[in-house]
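Notebook open, coffee at hand. I wanted a quick walk through this one, from the whole chain down to a few single residues.

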Amino acid sequence: MTIHVRSAEVPERADEILTPEALAFVEQLHERFAARRDELLAARRVRRDEVARTGRLDFLPETADIRAGDWTVAPAPAALQDRRVEITGPASPAKMAINALNSGAKVWLADLEDASTPTWFNVVDALLTLRDAARGTLAYTSPEGKVYALREDAPLAVVVARPRGWHMDEKHVEVNGRDAVGAFVDFGLHFFHTARQLLENGQGPYYYLPKTESHLEARLWNDVFVFAQDALGIPQGTIRATVLIETIPAAFEMDEILYELRDHAAGLNAGRWDYLFSIVKYFRDAGESFVLPDRADVSMTAPFMRAYTELLVKTCHRRGAFAMGGMAAFIPNRREPEVTEAAFEKVRADKTREANDGFDGSWVAHPDLVPICRAVFDAVLGDKPNQLDRQRPEVDVTAGQLLDVASAPGAVTETGLRTNLYVAIAYIAVWLSGNGAVAIHNLMEDAATAEISRSQVWQQIRNGVVLADSGETVTRELVGRLLDEETARLKGEVGDDQFGRYYRPAADLVADICLSEEYTDFLTTPAYDLVVAR
């Protein structure tokens, strides 16, 4: 066997996941598909370089026939017909997984990506959790003696697992002398250990596919699915995948992505935070017309965001696929009831807009938001499980509308700049400690929001943006000073030990990636190096 697992801390039952047979299956995925993954990552860089030269993206002329064609994806299985509310969160620790499964949501996005720090312990523990959940044996007892168990008085959420994006490697697994592809480790081990059990349960191996940038990347996933089902003797079409449209190039290839996955496609999701991050990343050096206002000012009612979501609904329903709405990231705080109620009203308004636009369901980050989202979609859906019959023939979105960032209301302020630096440091610090999702100022932050924060800072420096509230120009010197002040603020909020172990390295990393002449494509890549080095 040419696959090797490097020594690292693992859960007690790791050998139940890291079996020779399961690892051999992961090795097969690498032997057949790793080279194509590498080629697709190289193609991303070529495309981005072209955008940097032209400042433009457009619909692909070579796939016009697909966009004009009369085709649909395979009908959804019964377990995925009703997705009116989906809760997201990491699959490790088990307590959070149980809370998500018991939440009353129709679907749980079991996140092995943006809401999870990929320590080897977390990766293996998440896979153990998902296998136990499929078997119905998942349980947890806290150190204080509190018992968490799967509910029996109501249906559990259907699991849709999200493996890591194509760009992430897994440094704890070596295949043929190189680091493994994180997506193959996550998908391969999950599929190997749960596919048959999930079929017996009347469900199936269902996935969310993140960070996709082209239909060719979707084609690779489809080929992986075909191979995996044949290798394990699972009927073709059993796997179902929902693709996150969370990159700006993917917004121009929604039809093509569904077409490539048409035997395995379940829908598309409006991954709003990563989508904004992708716009900044793609057009970071394309001039002031692509500079976003403060993150807090960019709402889903901005014209370019409306174009994106309306195109998504129209495309999905024309093809018989589900259109899934974006994240409600608010985290209730029982000590601040007035703040919580005001946030609940914003969530209701956001979900009402989505339901009225034709979305089939939406995301929340906390169990307390499940009833709010469910009530909104109940009012629109009535007895129907979804809105696939809601076509949007009146929607006609152009490339210019998708790229009309300049029409977004709001301003760039010192307050927003400070918030970006604070959130980036605070999130990365918690990520380095092993927790990939954290509440900061009543908002659930994950890697996507941290990516927007640090990317906006880099772009503002590059474009010499003038701050609306202070009148200062954003320079490396200004950012360095504000970064020191926000770091000092965080030092006053956490203990010396936590600051030294996690916040100081996080602040140094934020300084490196924000002040560098070169843009870092994903902050989790250098952050992962720090995790592995510990």
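**Whole chain**

I started with burial: of the 534 residues in the protein chain, 61% count as buried. Note to self: this is a predicted model.

Next I looked up the fold elements, and the chain has 18 helices and 15 strands. The C-alpha trace spans about 65 × 55 × 50 Å along its principal axes. I then checked the radius of gyration, which is 22 Å; this agrees with a compact globule, because 534 residues packed that way would give a value near 24 Å.

I also asked how the contacts are spread along the sequence. Counting those between residues at least 6 apart, 79% join residues at least 24 apart.

For the surface, I noted about 20,200 Å² exposed, with carbon and sulfur atoms supplying 50% of it. The chain carries 57 positive and 81 negative charges, and their mean positions lie 2 Å apart.

**Strand 13 and its partners**

Is strand 13 covered on its faces, or open? I went through residues 361–364 and found both faces covered. Gly 361 and Trp 363 are buried on one side, and Ser 362 and Val 364 are buried on the other.

Then I looked for what pairs with strand 13. Strand 2 runs parallel to strand 13, with 3 bridges between them. In that pairing, Val 85 has Ser 362 as its bridge partner. Strand 12 (residues 322–328) is also parallel to strand 13, again over 3 bridges. There I noted Met 324, whose bridge partner in strand 13 is Gly 361.

**A cis proline**

I followed strand 2 (85–90) into the loop that leads to helix 3 (94–101), and Pro 93 is found there. The peptide bond from Ser 92 to Pro 93 is cis, and I wrote down omega near 10°.

**The hairpin of strands 7 and 8**

Strand 7 (residues 169–175) and strand 8 (residues 178–181) pair antiparallel over 4 bridges. I noticed two acidic side chains across from each other here: Glu 174 stands opposite Asp 179 in strand 8.

The hairpin has 2 residues between its strands, and Asn 176 is where I stopped, with a positive phi near 50°. I flagged that value since Asn 176 is a residue other than glycine. Asn 176 counts as partly exposed, because its relative accessibility is 45%.

**Lys 211**

I found another positive phi at Lys 211, about 60°, and this residue is not a glycine either. Lys 211 sits in the loop between strand 9 (206–209) and helix 6 (215–232). Is this lysine buried or exposed? At 5% relative accessibility Lys 211 counts as buried, because the cut-off for buried is under 20%.

**Arg 262**

Last stop was the loop between helix 8 (254–260) and strand 11 (265–269), which holds Arg 262. With 30% relative accessibility, Arg 262 counts as partly exposed.

Which residues does Arg 262 touch, leaving aside neighbours within four places in sequence? I listed Thr 72, Val 73 and Ala 74. I also took the C-alpha to C-alpha distance from Arg 262 to Trp 71: 9.0 Å in space, though the two are 191 residues apart in sequence.

Technical notes. Residues are numbered from 1 along each chain as its sequence is written. This is a predicted model: local features need pLDDT of at least 70, side-chain atom pairs count only at pLDDT 80 or more; totals for chains, interfaces and linings use all residues. Side-chain values use heavy atoms; hydrogens and water are left out. The radius of gyration is taken over C-alpha atoms; the globule rule is 2.2 Å times the number of residues to the power 0.38. Buried means under 20% relative accessible area, exposed over 50%, partly exposed in between (1.4 Å probe, protein chains only). Contact means heavy atoms within 4.5 Å. Accessible areas come from the Shrake-Rupley method with a 1.4 Å probe; for residues, only the protein chains shown count as cover. Lys and Arg count as positive and Asp and Glu as negative; His and the chain ends are not counted. The place of a charge is taken as NZ of Lys, CZ of Arg, CG of Asp or CD of Glu. Two strands pair if DSSP finds at least two bridges between them.
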